[in-house]
Amino acid sequence: MCGIVGYLGNKPAEYVIIQSLKKLEYRGYDSAGIALLSNGEIIVEKEQGKIVNLENKVFEKGKKYYATVGIGHTRWATHGEPSKVNAHPHSDCNSNIAVVHNGIIENYMELKEYLEKRNHVFTSKTDTEVIPHLIEEKLKYTTDLKVALFEAVKELKGAFALAIIVQGYNNLLIGVRKGSPLIFGIGEGEYFLASDIPAFLEYTNKAIILEDNDIIFIEREKYKIYNNFEEIERNIIEINWSPSQAEKSGYKHFMIKEIMEQPEAISKTFLDKVNFTNNEIIFYEIDNSLVNLIKETNDIAITACGTSWHASLIGRYLMEEIAGVVPEVDYASELRYRKRPITDKTILIAVSQSGETADTLETIRKFKQNGAKIISICNVLGSSIPRESDYTIYTHAGPEISVASTKAFTSQIIIFYLLAIYIGKLKGELSSKEINTFINNLKDLTKKIKRTLLLDEYIKSIAPDFSKFHNFLYLGRGINFPVALEGALKLKEISYIHAEGYPGGEMKHGPLALIDENMPVVVVLPQNSLYEKMIGNLHEVKSRKGITIVLTDENNGDNLENLADVIIRVPTIDKYLQPLLYIIPLQLLSYYIADYKGCDIDQPRNLAKSVTVE
Ligand code: F6R
């Protein structure tokens, strides 16, 4: 949460920083600010609300900055309400030091008290403001900025990434990473700092993923990285995302672009892991020691939050039915506080698009401390979760910018499908014939996803009628119950319509009381072993005047006219791959309802893409 950027180069810094901040707006959008080193002075501009407000202010007619060094911030408030005064950058008493921060300074109250006793005057309610004051305090005892900075950083507790500029140092940009992501971009005669790669992808694809306890001093034509205050070298990597992946490319919102990208995203996820010639699943991320542990143990836990948790629930069905193992699945925010036994025979699978979710990260730490091995399934390269995991399987879905997760969800399911086959084989649960069938079923998956996406126009046409309702129920069973949960989550988070997902069989235990002519019920009804049971649930709803949207297979010949007000037909596919197709109409339905209602789809109120706070 919160996006930070820094720039030192040869272009007008305000322009580059605002453009970069826009790419990070998914991380928070309640206020934004910029600090520029202009003619030897620090100029700060801040505005409440979205980056466009800051942009209008920075580019007001007649304003000129002549700056090529600066920092910027887009905020998701933690300490201190969203307001101009709490917006970053924050400065010291003399406005000589400007700091932008992502993360939390846990001991800020203590530091603030200490600094106030030394006559520092604070203007905001943020934890961040202690940082420039602390550096200022240290500079009373040394003229060496590096020493002062190191001394200040030693006193900060918590998770943070910082970008800092200092008056009098016209050719210096400083970055600090401890627990929150910070990437260093290396361009032609210009350098970037950012919370995430898309911020500078337009300018360069060369980067260093800074590690925890790294401090970087960036000057013109050179930079130095220190880890734990000792100078070190770090490898430069080349990012193979194209800048257009971080653009809307003609789509109205990132969400619809990302929904439409699912065929490519999914094939990128599985292509390097499936050998279709000899029907083999290859996880080059998994070594012999993990193979031995997988063979030996049945103690597997899966953890995640939100949409990634829904993908994990589907993962459990796949593991249970394909691999014959029964992993438990729990929200990271619950699992981290449970007294679950953990041993060196425990495997924790942690699932996270962003790789930054605080609860997931803390659960990983707890399991690791108790000897468990951690496998993460993650989308964002070099984020914190992969760095703290023993093994990381990347989904390779490309940047997901919209706050509502779509392509990451389907990519995570694919990884679970492949893992289930892989583990099933290792445990001797699967015959070669079964493995061949599972792998063959993947062959026309992307084609079927493309066909499902053709429902786009139809779903757009029905969305206005449904946008007037205030409540929705989503029903599914078995492997498609998490699809119902995910459909409901998508609707509530972007359209602000209340929605609940339920297993069909649970209706008579309470929710049936809600059904009347004002309650649309979305029923996920693929043809599988639970089809007849689900038909029963559909009768329960229809006989109580519920309005039903029924999703079923293209080749389902049953007459559903009396049971369904709307029928959406999805290509027929193997039961284990059904969630990948059935979620698509639900993503589209939420999108078009929210769009019809004029909601801020990519940046829903009160939310942010990476939840780096508890
Ligand atoms: C919903 C959504 C969130 C995330 C959740 C976990 O559309 O995006 O529910 O799934 O915050 O985020 P990650 O997967 O980044 O750990």
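These legends walk you through close-up views of a predicted model.

Residues are numbered from 1 along each chain as its sequence is written, and side-chain values use heavy atoms, with hydrogens and water left out. Because the model is predicted, local features need pLDDT of at least 70 and side-chain atom pairs count only at pLDDT 80 or more, while totals for chains, interfaces and linings use all residues.

**View 1. The shell around the ligand.** Here you meet the 15 residues that surround the ligand, where a residue is near a molecule if one of its heavy atoms lies within 4 Å of it. The closest are Ser308, Ser352, Ser354, Thr357 and Glu493. By class, the shell has 5 nonpolar, 8 polar and 2 charged residues; Asp, Glu, Lys and Arg count as charged, and Gly is among the polar ones.

**View 2. Polar side chains at the ligand's oxygen atoms.** Polar side-chain atoms of Ser308 and Ser352 each lie 2.6 Å from an oxygen atom of the ligand. For Glu493, a polar side-chain atom lies 2.5 Å from an oxygen atom of the ligand. On its own, the ligand has 410 Å² of accessible area, and the protein covers 90% of that (Shrake-Rupley method, 1.4 Å probe).

**View 3. Helices and domains that contribute to the shell.** Helix H9 (306–323) and helix H17 (481–495) each supply at least two residues of the shell; helices are DSSP runs of H or I with at least four residues, and strands are E runs of at least two, numbered from the N terminus. At least three shell residues come from each of domain 2 (254–443) and domain 3 (454–597). The assignment also gives domain 1 (3–245), with bounds from an automatic or database domain assignment. The C-alpha centres of domain 1 and domain 3 lie 46 Å apart.

**View 4. Two backbone details in loops.** The peptide bond from His88 to Pro89 is cis, with omega near 0°, and Pro89 lies in the loop between strand S4 (67–75) and strand S5 (90–91). Asn39 has a positive phi of about 50° although it is not a glycine. You will find Asn39 in the loop between strand S2 (31–38) and strand S3 (41–48).

Conventions:
Polar contact = N/O pair within 3.5 Å; in protein donor to acceptor, adjacent residues only side chain to side chain.
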